[in-house]
Structures are given as structure tokens and as C-alpha cells.
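Biologist: Could you take me through one part of this model in detail? I would love a close look at the ligand site, and a word on a sheet if you have time.

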Amino acid sequence: MDTTPKKRSFLTNAEAFQDVSRGNPKPHTLKGDDLVRARLTPATWRLEIVGDGSAQVEKPRRLEDQTALDLPALEELGRRHGVKFLKAMQCLNIAQPLGQGLWEGVPLREVLKLAGKVRNVRRVYWWGFHNNDPKQLFQSSLGYNQVLETPPWDLPVFVAYRLNGRPIPLKRGGPVRMVVPWAHGFKSIKWLHRITLTNDYKANDTYAEANNDPDSYLKTMARTDDVPEVAKAGRALVITGVAMVGWSGLKRVEYWLRPDTGRHGELAEDDPAWQTASWKPCAIDPPPDDWGGSLPDGVLPRDVWGFDPQTGRPRDWPLRFSVATWSVTLKDLPPGAYEFRARTVDLNGYAQPEPRPYPKSGQNEIQCKTFLVMR
Ligand SMILES: Nc1nc2c(c(=O)[nH]1)N[C@H]1C(S)=C(S)[C@@H](COP(=O)(O)O)O[C@H]1N2
Ligand SMILES: [Mo]
């Protein structure tokens, strides 16, 4: 039996992301005229940019007077301001990242300029198509400052229209979706229809309703792939996984292997065994040698955000808000039962699940995998 796992592709096929969508019917199941009425075809898509009365907008972009933004106008903006960037989508309530894409979009701040002068703005709200049923609204928001200002080393918020070198498919929220690079998926609203400027200073996020923290940043954390239940003594066992590179970056991935204690891998948060655990380094895969083969056809590495234009290689590795892959090769394990755990250490030196173990701001518990080594 070959215990060397299959290599994962760097980008996830746009149709193969794990889907997290509400709505009845789910917007991506609409067809034909229903899709046209929902303004979810490239020709019918429109984006409204309005004030809610508490904030004033000089040139609102509205459906009723045909000033709403259409796709050619967004793509035209893209020719001047478009950015291609790598980012993994991750749900606050699902530990496994949903998929990694090469996205392309216009910074939201450039899109907002189309609405002219604004006054009394403290927050930006947005929502996607919701079957015209207020009960199905899925909305999100950010502070106005978070939309306009970005540290130069960071990605801004995007109104995105391409994924993996093609138009964003309906299933992934196309024709146009918001992408908030540093946040969990619930801010990256699919089937984007409306942006509202408001003087309200509070988050209105749908996701806040179920006790989730709407201001949470992506957490750095490791996930371990399935491990074979039985490994053969004398043969190397390769264990692999992914690590989400969150807001605080990723310094290393490490593992702890110990004899199985017979408790099905359960270990209480305050168990003293954590204090004496011996963590050893895992190997983080280096950037692909062949970016040409890892990026979509026609996309040059130097055109991707965070890549050095001279060398065509990423300036930092692993890239923040992306998924890093890691592995460890275990050799010469004596026969027996084992518990395997992997965790990340971020650029501040905090080991997972620190600095923020609270699960309703993003899942980052340490997994345990058990296996047997047999002669
Ligand atoms: N309009 C809309 N946008 C949405 C959602 C939704 O239900 N409706 N779900 C959000 C959540 S909770 C997540 S985690 C991501 C998932 O993105 P994906 O389905 O492309 O993987 O989409 C977000 N955007
Ligand atoms: Mo989510």
C-alpha cells in the first residue's frame, strides 16, 4: 500500500468549493427567466449604491433611474484598478477551508467613488440577491475606514468578478460577489446587488445573529488530512494537512505524537499533558516551482498581488489569507496505537488555538487523529 498522499492542486476548481449558501430556492439553482429577473446573468446584473437617509450620497446609483452599475462598467474600472489575488474562502463555523481561488476584482473604495460626494458615512452595508424576500436577506458590513484605508502590505476589500481566470460562476456567487480578504466567508456576500452607505456605526451582519463575532479576523490554524487507520511497521508514514494563514500569519506547523491513551483522542483543554507535550516541526510546502502550471492560463505570476515583478515569486510565503500545505514523514515507529495532533504557530509566536480559542469567532480547535502501527 502506498501511504504517500496525492498532491492537492494549488487552486480549487470554482465549482468544487464547499458551498455555504442560504435561500429558498438557493440563488444558484435558478434558471432561465428566473435568473434574468434575479439580475444574475452577465447582461442583467446591476449594482445599486445608495444612502439610507442617515448618510447622504451625491450621485446614487439606482435601478429606478437606470444609474445602477452594470458589468461592462465594472470591468472597465477593472482595466484601471483591477487586482488579481490569492485567497482561501473559510466559514466561521466550519474548520476546513472551503477552497482557494485566484480572484480578480476592483477595490470597493474605487467602486464607491462612482457615487460622488458622500456625507455622514460611518459604515458600509451590502447584500446579495435574496429571492426578494426580506426574511432571506444575507447581509454584511464594514466600517467606512476599513473600506477606504488599507495598510500598504495588505489587501483591500474587493468587488470581485473573476475567479481562477474566468467569470465567477453563479454557484460561487457570480456574476459579482464581495470578497473581504481578511474575514470569514460571511462578509464575502455572493450575488451582490446593493451597497448602502449609512451613518449607523453598528454591524448589521446576518452572521452576527447566531452568536458569531462579526468583527472576527481569519484565524491561523492547521487541519490534518485523514490518516490511514493502520500503518505498517518499518514503512514511512506520511501525514499531510493544510494550514489556514490568518490575520496573524504563519510561522510554522508542528506536531505532537504520543501513545494512544485509549480516550478516542479526547483531551480536555486544561489537561496537564498539554504542558509537557513535545511538539516537533512539520514541513510547509514551498511555493510551486512552476507558477505557470499552478495559475490559470494567461495569468502571469508577476501580475498577482504580493508577487515580486522581477522574480515572479511571492514576496512572503506562505501567503496570508491563503492555505498552506504541510507534511511530516514518520519513520521507524514501533508497533502500537498512536495519537497525532498538529497545530500552527503564528508570526507572533502564539500556538493554536491561541490567541483566540473562542469558537464563535472562528473554529481553530486542535484535531486529533489516531492510528495503529502493525507488524
Ligand atoms: N448571498 C449570500 N452570500 C453568502 C452566503 C449566503 O448564504 N448568501 N453565505 C456566506 C457564508 S456564511 C460563507 S462561509 C461563504 C461561502 O462561500 P462559498 O459558498 O463560495 O464557498 O459565502 C458567504 N456569502
Ligand atoms: Mo459561513
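Modeller: Gladly! A residue counts as near a molecule if one of its heavy atoms lies within 4 Å of it. Please keep in mind that this is a predicted model.

Let us start with the surroundings of ligand 1. There are 18 residues around ligand 1, and Q18, R22, R172, R177 and K190 come nearest. By character, the shell around ligand 1 holds nine nonpolar residues, four polar ones and five charged ones.

Now for the polar contacts. Q18, one of the nearest residues, places a backbone N or O atom 2.8 Å from an oxygen atom of ligand 1. D19 also faces an oxygen atom of ligand 1, here with a polar side-chain atom at 3.5 Å. With S188 the ligand atom is a nitrogen: a polar backbone atom of S188 is 3.1 Å from a nitrogen atom of ligand 1. As for cover, ligand 1 has 540 Å² of accessible area on its own, and the protein covers 99% of that area.

You also asked about a sheet. One open sheet has five strands in the order 14-21-20-16-17, and its pairing is mixed. Its edge strands are strand 14 (230–232) and strand 17 (280–281), each of which pairs on one side only. The partner of strand 17 is strand 16 (residues 252–259); the two pair in the antiparallel sense over two bridges. Within strand 17, P281 stands opposite E254.

Notes
Residues numbered from 1 in each chain as written. Chains lettered and ligands numbered in written order. Predicted model: local features only at pLDDT ≥ 70, side-chain atom pairs only at ≥ 80, totals over all residues. Heavy atoms only, no water. Polar contact = N/O pair within 3.5 Å; in protein donor to acceptor, adjacent residues only side chain to side chain. Areas by Shrake-Rupley, 256 points an atom, 1.4 Å probe, with all protein chains shown as cover. Nonpolar A, V, L, I, M, F, W, Y, C, P; charged D, E, K, R; others polar. Pairing = 2+ DSSP bridges. Helix = DSSP H or I, 4+ residues; strand = E, 2+ residues; numbered from the N terminus.
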